[in-house]
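Welcome! Take a moment to look over the sequence and the model below, and then we can walk through a few features together.

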Amino acid sequence: MDGQQWEMIRGTCGTEGAEGVPTYGVAVRHPDGSTWTWSDVDTDPAVVAVLLERLRLCRPESCHYGDMVLDFIHEVAAGEL
C-alpha cells in the first residue's frame, strides 16, 4: 500500500497490576490522513523495532495489519524472535 508511514508509539499499560508500565506499539499514517494504531505490542522498544522493520518492508494491505501484529506477538511469546 503506497504512502504508509510506520512509526513506534509509546503508551502506558492499563492492565490491573501493571498500571503505568511503559508499552510500545506501532502506528501507520496514510496519505489521506487516517491512522491505524496498536498501542501495546511489547514493553521493549527493541522488540517493537523488529516489527516496525517488517511492516515497513512488507507494506501490507490494511486488512492484514491486526493479523500481522498478533502473529508477531505470538512469535515473541513463543520465544521465536
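Is Glu75 buried or exposed? In this predicted model, Glu75 has a relative accessibility of 16% and so counts as buried, the cut-off being under 20%.

## Glu75 and its partner

Glu75 forms a salt bridge with Arg54, and their closest N and O atoms are 2.8 Å apart. Arg54 sits in helix H1 (residues 45–58) while Glu75 belongs to helix H2 (residues 65–77), so this pair ties together parts that lie 21 residues apart in sequence. Unlike the buried Glu75, Arg54 is partly exposed, at 34% relative accessibility.

## A salt bridge between strands

The count comes to two salt bridges. Besides the pair you have just met, Glu7 forms a salt bridge with Arg29, with 3.1 Å between the closest N and O atoms. Here strand S1 (residues 5–12) holds Glu7 and strand S2 (residues 22–29) holds Arg29, so the link joins parts that are 22 residues apart in sequence.

Glu7 is partly exposed at 29% relative accessibility. Arg29 is partly exposed too, with a relative accessible area of 35%.

## A closer look at H2

Back to the helix that holds Glu75. With 13 residues at 1.5 Å each, H2 should span 18 Å, and its end C-alpha atoms are 19 Å apart, which agrees.

Glu75 has company: the buried residues of H2 are Tyr65, Gly66, Val69, Phe72 and Glu75. What covers them includes S1, S2, strand S3 (35–42) and H1. After H2 comes Gly79, which has a positive phi near 75°.

Key:
Residues numbered from 1 in each chain as written. Predicted model: local features only at pLDDT ≥ 70, side-chain atom pairs only at ≥ 80, totals over all residues. Heavy atoms only, no water. Salt bridge = Lys/Arg side-chain N within 4 Å of Asp/Glu carboxyl O. Helix = DSSP H or I, 4+ residues; strand = E, 2+ residues; numbered from the N terminus. Buried < 20%, exposed > 50% of the residue type's maximum accessible area, 1.4 Å probe, protein only. Expected span 1.5 Å × (residues − 1). Contact = heavy atoms within 4.5 Å.
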